[in-house]
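Thanks for making the time; I would like to walk you through one model this morning, going from a handful of annotated positions outwards to the contact between the chains. Please keep the structure open while I talk.

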2 protein chains.
Amino acid sequence: MKFLKSCDANFKDELKILKNRGNLDMSKVMPIVQGIIDDVKARGDESLKEQNLKFDKHTKELEISSYEMKKAYDEISTNLKNALNLAYERIKTYHEKQLEKTWLHFDEYGSVLGQKVTPVDRAGLYIPGGKAAYPSSLLMNAIPAIVAGVKEIVVCTPAVGGEINNLLLAALYLLGIKKAFRIGGAGAIAAMAYGTNSIPKVDVITGPGNIFVATAKKMVFGDVNIDMIAGPSEIGVIADESVNPHHVAMDLLSQAEHDELASSFLVTPSEILANKVKDEIYKILPNLKRTEIATKSIENRAAIIVAKDMDETVELMNELAVEHLEIAMDSASDYLARIKHAGAIFLGHYTPEAMGDYLAGPNHTLPTGGTARFYSPLGVYNFIKKSSIISLNKTGFDALSRACMDLALAEGLEAHKLSVEVRTK
Amino acid sequence: MKFLKSCDANFKDELKILKNRGNLDMSKVMPIVQGIIDDVKARGDESLKEQNLKFDKHTKELEISSYEMKKAYDEISTNLKNALNLAYERIKTYHEKQLEKTWLHFDEYGSVLGQKVTPVDRAGLYIPGGKAAYPSSLLMNAIPAIVAGVKEIVVCTPAVGGEINNLLLAALYLLGIKKAFRIGGAGAIAAMAYGTNSIPKVDVITGPGNIFVATAKKMVFGDVNIDMIAGPSEIGVIADESVNPHHVAMDLLSQAEHDELASSFLVTPSEILANKVKDEIYKILPNLKRTEIATKSIENRAAIIVAKDMDETVELMNELAVEHLEIAMDSASDYLARIKHAGAIFLGHYTPEAMGDYLAGPNHTLPTGGTARFYSPLGVYNFIKKSSIISLNKTGFDALSRACMDLALAEGLEAHKLSVEVRTK
């Protein structure tokens, strides 16, 4: 891992490399993805079945039956059932706070202006399978859509070797999902964007995925809406000597175990803490079950940065604009106001990032690779859209008509002016 | 123009054609746009200057000086000054209602969950020039960014033949824009997305444009955020016999004069009104200043649809999901609840669409081509982003730790589980 000091001569260059961590090179997979999209548009379900045979080695039905979901839910342990239900309730409670209301505003003439909030008709959720299956991702994608009031929710997930994780099936049952399909990758995105005989065309597609999924989402954007284009997961920790270095090391490693390309950063004003955390990481690393993945991630994508002071620490973390930001120290919330760019902010000694992954309540689908500069966490707002409302009364119309006609004429749009003028008579 | 009845045998096919009006074929311009983006990335300002010479035939400075802005503002008529200021105030008042607040929520353990709202650091606004210059678009793009609290706003607009519309310059002055540049098309989008020596890299790019601009926006999406991918403008009118058919005709024509590719639809349960509006359109059309554009638009992209009744009228308009929707009839607001998909909804006899273009208050940058199914009007929300806040106290942590560890283990993420476990000791 990199061990940097902000006073190092080459620090600016090193920081630039860390800031550029998010560059997804789509150019190589783009032609492949375009081919898949075109094929799904042309041949629909037939194309999807072929993809399942080719990539996931199975010939099972596309649609996942409600029987399979119910059976899985009945089979999981009581502990897991309780955990799933607790997560469901907490995520739902949080996202309900995000619900926006239609509002009206009355101007000085009594004319009505407003904003109407409507859920999209259909949402498509992509849930990765493969290497690891994440039932928690299903909860995190489905619950905001349910809270938004989306009538029809479609789920696509790959069934590698024909198998789907039992806990994922159980979560489908718990959420009451009626339409779920065994299909992954770019094919799933194309199917939801354009529709097939089995899979309905949706309005919004959300959810994480590999480079093929991310590229497909970008390519269908505009024909449907998408949540964001996300890359590998990452964590940034701000800490001082008030923290237990073992805890920080564990949190960095919990990110590193996700993916060889996951990034973990510690920024601290304390060189003593920096060294302790580094030692802890290398002590724990070889004993982890996912040591191979975590080691590659730590070796190639992790950095510990020693900053001048807390001011510079916060500044550097804003520059990195990480997905998960922990401020693991006493009086962590003192720094909240100054955090500008982060997907989710975890405060204090009892908020390991893992809690946010499962059941703290906020969404775990978050902007990565520095895109927290402009993307938000997945939320209810991804599943609604707004319509402006304008209703002028005669008084309001009269008060505005002259200025409106002047502006229309100045822009050379005579018919615009006339559409106002005819009403003044 | 098309004159359709919902009871016609081929109506479903005709409706399908109208619904597919938004298909932007980017495949042809994509290689050109990619070339421009690569060139701007490689050669920065030099590339932009070359483009200005090639496309807009001028060699002026890239940056528009504050002197030019001030001079233009001083030169415009008092009427226009007043109109511009009235528009500014009304648009600002409306968009201030969209401001979202950071909120906190306390769970039953006293743990803190919340959502922090932060403006993006830099916004880039694209304002078309060329055929027509739209100072109103500058107001509509800049004001939500200002209200959101964006510190640095960058404007790009083409100076065809070196000239920029005086009212646009005056609006730049009124808005207090410090950084504006003479550059249009894909080059402007690339410059704002990746930065050059003169033009700062931004976080969000908004604003309308032609197919090159739309394609460039899609291609840089992910490296920056964008508002939406928009196509030609459009209007849909719902009316019955309570309306003056001349008014409806004028409103349809005010859309048609924008662009040969603009679409205008009337859906009504009254065949009598349908015929009257049609007659009015052809009576007014030849006398319009922009008759050539409007005639092509009306001939190729307009439709009058006679529906069975008001229920079907509303249903058809939801299927069309138009950018501007007028309900021009008595008790128009009775139908508001049932409108699901529309960029902006104009109610009653005194709300011609043109009022929304300039100074009713709501934004005139709206989703087109049926994308009102999933996009919202441009708003303050395009210039902010959210960060989740999670701060568990010891009690909250203890209450959740068991379930969190169970879920982490079920997903095979041991280090996630350990990061919780170490804190239970």
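In the unreviewed UniProt entry, the annotation "binding site" covers A:Q255, A:H258, A:D357 and A:H416. These positions are spread over 162 residues of sequence, and they are also spread in space, with up to 56.7 Å between C-alpha atoms. Please bear in mind throughout that we are looking at a predicted model.

The unreviewed UniProt entry also has a "binding site" annotation with a longer list, namely A:S233, A:Q255, A:H258, A:H324, A:D357, A:E411 and A:H416. Those positions span 184 residues in sequence, and because the farthest two C-alpha atoms are 56.7 Å apart, they do not all gather at one spot.

Let me take some of these residues in turn, beginning with A:H258, which sits in the loop of chain A between helix 10, residues 245–256, and strand 10, residues 263–268. Is A:H258 buried or exposed? Strictly neither, because its relative accessible area of 22% makes it partly exposed, the threshold for buried being under 20%. Which residues is A:H258 in contact with, once we leave aside its neighbours within four places in sequence? Within chain A they are A:Y134, A:S233, A:R290, A:I293 and A:D357, and from chain B there are B:L413 and B:H416.

One of those partners, A:D357, is itself in the annotation, and its place is in helix 14 of chain A, residues 353–358. A:D357 counts as buried, because its relative accessibility is 7%. Not counting residues up to four places away in sequence, A:D357 touches A:S136, A:M140, A:H258, A:H324 and A:H364 in its own chain, together with B:H416 from chain B. So that you can follow this on screen, B:H416 is in contact with A:H258, and B:H416 also touches A:D357.

A:Q255 lies in helix 10 of chain A, and it is buried, because its relative accessible area is 0%. Again leaving aside neighbours within four places in sequence, its contacts include A:S233 and A:H324, both of which appear in the longer annotation. The other contacts of A:Q255 are A:E234, A:I235, A:A262, A:S263, A:S264, A:E323 and A:E353. For A:E234 we can be specific about the atoms involved, since its backbone nitrogen lies 3.4 Å from a polar atom of the side chain of A:Q255.

Let me turn to the interface between the chains. Here 116 residues of chain B are in contact with 114 residues of chain A, and the area buried between the two chains is about 10600 Å², with carbon and sulfur atoms giving 61% of it. How many salt bridges are there between chain B and chain A? The count is 10, and one of the salt bridges brings together the side chains of B:R373 and A:D203, at 2.8 Å from N to O. As for polar contacts, the count between chain B and chain A is 70 residue pairs, both residues being at pLDDT 80 or more. On the side of chain B that touches chain A, the largest share, 10 residues, comes from helix 15 of chain B, residues 394–410. That side of chain B divides into 61 nonpolar, 30 polar and 25 charged residues.

Helix 15 of chain B also holds B:D406, which counts as buried because its relative accessibility is 15%. Not counting residues up to four places away in sequence, B:D406 touches A:N79, A:L80 and A:A83.

Finally, some context on chain A as a whole, which has 16 helices and 14 strands. Its C-alpha atoms fill a box of roughly 85 × 55 × 45 Å along the principal axes, and of its 425 residues, 64% count as buried. Among contacts in chain A between residues at least 6 apart in sequence, 74% join residues at least 24 apart.

A single residue from this chain will serve as a last example, A:S27, in the loop between helix 1, residues 11–19, and helix 2, residues 30–43. A:S27 is partly exposed, because its relative accessible area is 47%, and a polar contact of 2.7 Å joins its side chain to that of A:D25. Along the sequence A:S27 and A:T215 are 188 residues apart, whereas in space they are 9.0 Å apart, C-alpha to C-alpha.

Methods
Residues are numbered from 1 along each chain as its sequence is written. Chains are lettered from A and ligands numbered from 1 in the order in which they are written. Side-chain values use heavy atoms; hydrogens and water are left out. UniProt positions are given in the numbering used here, feature names are shortened, and annotations may be inferred rather than shown by experiment. Helices (H or I, at least four residues) and strands (E, at least two) are DSSP runs, numbered from the N terminus. Buried means under 20% relative accessible area, exposed over 50%, partly exposed in between (1.4 Å probe, protein chains only). Contact means heavy atoms within 4.5 Å. Buried area is the accessible area (1.4 Å probe) that two parts lose on being put together, summed over both. A salt bridge is a side-chain nitrogen of Lys or Arg within 4 Å of a carboxyl oxygen of Asp or Glu. A polar contact is a pair of N or O atoms within 3.5 Å; within protein, one must be able to donate a hydrogen and the other to accept it, and residues adjacent in sequence count only if both atoms are side-chain atoms. Ala, Val, Leu, Ile, Met, Phe, Trp, Tyr, Cys and Pro count as nonpolar, Asp, Glu, Lys and Arg as charged, and the others, Gly among them, as polar.
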